[in-house]
Amino acid sequence: MNMDKKLSSGNPSEENENAASQSEERTSPACERGSMIFEGVWMKLVSSPVSSSAPRGRHPKDTDTVSLLIQNMSQPQQKELEWESLREEIGSGRLMEGVEKAVMRMELGQEVVVTLEGEMSLPDSPADIPPDFVPSIQHTLRIQLKEHVAGAGDKVTMTAEDKLIRSQVLKALGAGLYSAGRVRRAQEKWEAGVQLFNILQAEDRSDPHSAEMNRRCQDAQVFLLLNTALCKLKRSLWKPAHDDCTEVLDLQPHNVKALFRRGQAGIQLDQWDEAEKDFKKAQQLDPTLRREISSQMKILTDKKKAQNQKDMPAMQAIFAKGNVYSSKEVAPIRKVNDSPPIQIKSLESEYDEIEEEEEEDALMKRQQWYNQMLGTGQMRLGNTFDDDDDS
């Protein structure tokens, strides 16, 4: 969904009037003009910056610092709602997930109303879900983006050192979220770390430091890819998990965790032969995994048996007919020659005819060759009688 189009649609004054009614916003958010829904967050533009000097099209991104004014519109029947001033780094984990995602779609000077529910109303750190947390409760906030300061940059502009530092932060945030059972959000954090290393710096032969930094970046990406694959397995995202493990194995063909997890995904994708190969290779590389691999092989064998049982009635019905293939599926037998057989009365006369035909063919070939040589000037005819000959 194009954020620029959504935020520029609708009359700002009309949006202010609509935003005044909290109950109306919460009952029919998707129907209002200038609103959008993304990842469990409803967001509606209230006003855009009046000053033409405000930069357009720039949205806060990871590691940028923002100053916000936030008004909690979920408070029960208060005549005047208080504004809370907040200055925070995007990606620090201290903002509500939904607030962070909304701010990353805003421009400097804009004001929006967002409605959050579920985990969108929780920060990434601390990751633990509060005991009194009720996922169905909605939270409506009015947010103003007052200041936007650029951070460390993105995967194109960041140095290898900055990427490694940032990946450690994302790795720790993801670990906390995963331990708290928030697997979806942990996957998002680890995937953000993977994306950092999709672009590496050019290596200079005269500078061994650049090659070493790229190696460290690759190792960090492999670790994060394995973690994202684990999250996807937990969420039954078999194909994406399989792809992540394959990406790891392209970089490190003998990575045992990648082989094992790709085998797990392969079982669920019905790629049983490939999964078995992955498990066998993993066990060869790490014999201590024998018990875990035996457990997975039992799952694989059971799935094969279940599929064979499922296919059995159909196969029995086919063989009961006597013919596996129908008459339409069997190619008809072609007759080589429908004409009557040739009768030979005399072998000797037949041989004579063959010899005569062969002599005629040889004579014709010699004549064609003579004509070709004469035509190209490579042979000429001599006189039969020579005037200088006395005989």
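**View 1. Salt bridge between Arg142 and Glu111 in the predicted model**. The closest N and O atoms of Arg142 and Glu111 are 2.7 Å apart. Arg142 belongs to strand S6 (residues 138-149) and Glu111 to strand S5 (residues 111-117), so the contact ties together parts of the chain 31 residues apart in sequence. Arg142 has a relative accessible area of 12% and is buried. Glu111 is also classed as buried, at 11% relative accessibility.

**View 2. Salt bridge between Arg185 and Asp124**. The closest N and O atoms of this pair lie 2.8 Å apart. Arg185 is in helix H6, whereas Asp124 sits in the loop between S5 and S6, so the salt bridge ties together parts that are 61 residues apart in sequence. Relative accessibility is 4% for Arg185, which counts as buried. For Asp124 the value is 2%, and this residue counts as buried too.

**View 3. Salt bridge between Arg185 and Glu100**. The side chains of Arg185 and Glu100 meet at an N to O distance of 3.3 Å. Distant parts of the chain are linked here: Arg185 comes from helix H6 (residues 183-196) and Glu100 from helix H4 (residues 97-103), with their positions 85 residues apart in the numbering. Both residues of the pair are buried.

**View 4. Salt-bridge network that includes Arg185**. Through shared partners, salt bridges join Glu97, Glu100, Lys101, Glu119, Asp124, Arg182, Arg184, Arg185, Glu188 and Lys189 into one network. In the whole model, the count comes to 27 salt bridges.

Key
Residues numbered from 1 in each chain as written. Predicted model: local features only at pLDDT ≥ 70, side-chain atom pairs only at ≥ 80, totals over all residues. Heavy atoms only, no water. Salt bridge = Lys/Arg side-chain N within 4 Å of Asp/Glu carboxyl O. Helix = DSSP H or I, 4+ residues; strand = E, 2+ residues; numbered from the N terminus. Buried < 20%, exposed > 50% of the residue type's maximum accessible area, 1.4 Å probe, protein only.
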